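User: I'm new to this structure and would like a close look at one part of it, the second largest cavity. Could you walk me through that spot and then show me how the rest of the chain fits around it?

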Amino acid sequence: MIRLLTVLLLLPGFAVAQDYLSSKGRLGDDDFYKTVACAAAPGGPCQEDLVRWSASDAADLTVGITEIKDGFPDALKPDVEEALDHAIADINAAGSALKMRLVEDGVDPHISIHLLDQRENEKITGMSLNHVNGQTLGAAYVHVWWNGARELTRGVILVAQDIETDDLRSIMLEELVQATGLLTDIDNSWYDTRSIFAEQVNWVISLQPQDKMALQRHYPIQ
């Protein structure tokens with residue numbers, strides 16, 4: 001989406017920057033899945049490794065707001081919480097083996113959410129996380145880590161203090177979905193109203209059929 005910044009992915013020993021792939025018209029399910037899961041152009045091979053949470057983590061993937069900076073507007077907090085509740089419920093209803101759960105303060109979640117006192121397009125500062133400081137903050141920013149087995153080990157979502165309320169549902173849903181390992185957006189106007197992965201707009205607020213298909217393939221029910 002146009003308001004979201006490139007995701008930075010970390011494999012042991014090196015980092016790969018990844019953003020979106022361009023295409024035209026409706027993609028078949030195979031091409032759609034490979035685009036969002038491993039940065040494959042339509043009809044082409046994967047350009048990145050497939051990464052996902054382990055089966056045990058995916059079965060009870062915890063999410064929580066772990067930091068609220070003093071400069072984050074009080075008026076936005078209920079909207080963030082509502083968008084987070086909506087996103088978790090939508091992901092859990094997608095028909096995959098991945099199930100998310102919101103945890104309270106004091107619990108270290110798999111995916112932590114930080115509400116910052118910084119604005120969109122500012123450089124991220126003050127974070128105690130490797131490779132996050134110095135990146136440019138979009139309306140939101142997602143960062144994930146994985147191990148040598150290509151299993152995700154941690155995810156963080158940073159939210160700018162000037163994020164638009166009208167964009168929150170779409171952005172929070174996309175960020176959470178990307179934190180499951182589906183990391184590449186689609187620059188394709190056909191998907192502007194048909195996928196949470198649409199690069200250019202924040203119009204979609206619920207998972208669409210191919211979004212659900214991608215989650216089901218990435219986390220199949222055994």
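Analyst: Let's go straight to the spot you asked about: the second largest cavity has a volume of about 30 Å³. Keep in mind that this is a predicted model, and the cavity comes from a computation on it. In total, the structure holds two cavities of 30 Å³ or more. How does anyone find such a space? Rolling a probe the size of a water molecule over the atoms shows where empty space is left.

So who sits around this one? Its lining is made up of Ala140, Ile157, Val159, Ile163, Leu168, Ile171, Met172 and Glu175. Two elements give two or more residues each to that lining, namely strand 8 (152-159) and helix 4 (168-178). Helix 4 brings the largest share, with four residues. As for chemistry, seven of the lining residues are nonpolar, one is charged and none is polar.

Since helix 4 gives so much of the wall, let's stay on that helix for a moment and look at leucine 173, which is part of helix 4. Is leucine 173 buried or exposed? Its relative accessibility is 0%, so leucine 173 counts as buried, the cut-off being under 20%. Setting aside neighbours within four places in sequence, leucine 173 is in contact with Ala87, Asp90, Ile91, Ile196, Ile205, Ser206 and Leu207. The C-alpha atoms of leucine 173 and aspartate 85 are separated by 9.6 Å, although the two residues lie 88 apart along the chain.

Aspartate 85 takes us to another hollow, because you'll also find Asp85 in the lining of the largest pocket, alongside Ile65, Glu67, Ile68, Glu81, Leu84, Leu102, Val103, Glu104 and Asp105. Here, strand 4 (61-68) and helix 3 (77-92) are the elements that give two or more residues to the lining. That pocket has a volume of about 210 Å³. Its lining divides into five nonpolar and five charged residues, with no polar ones.

One more residue is worth a visit: serine 195. You'll find serine 195 in the loop between strand 9 (185-187) and helix 5 (209-218). Even in a loop, serine 195 has a relative accessibility of 1%, so it counts as buried. Not counting residues up to four places away in sequence, serine 195 touches Phe32, Val204, Gln208 and Asp211.

Now let's step back to the whole chain. There are five helices and nine strands, and read along the sequence they follow the pattern β-β-β-α-α-β-α-β-β-β-β-α-β-α. The radius of gyration is 16 Å, close to the 17 Å that the globule rule gives for 222 residues, so the chain is as compact as a globular protein of that length. Taken along the principal axes, the C-alpha atoms fill a box of roughly 50 × 35 × 35 Å.

Leucine 173 and serine 195 have plenty of company, too: 52% of the 222 residues count as buried. Among contacts between residues at least 6 apart in sequence, 67% join residues at least 24 apart. On the outside, the accessible surface comes to about 9500 Å², and carbon and sulfur atoms account for 47% of that.

Key
Residues numbered from 1 in each chain as written. Predicted model: local features only at pLDDT ≥ 70, side-chain atom pairs only at ≥ 80, totals over all residues. Heavy atoms only, no water. Buried < 20%, exposed > 50% of the residue type's maximum accessible area, 1.4 Å probe, protein only. Contact = heavy atoms within 4.5 Å. 1 Å grid on protein atoms, 1.4 Å probe; cavity = no way out; pocket = protein on both sides within 12 Å on 5 of 7 lines; lining within 4 Å. Points joined across faces, edges and corners; volume = space filled by probe spheres on them. Rg over C-alpha atoms; globule rule 2.2 N^0.38 Å. Areas by Shrake-Rupley, 256 points an atom, 1.4 Å probe, with all protein chains shown as cover.
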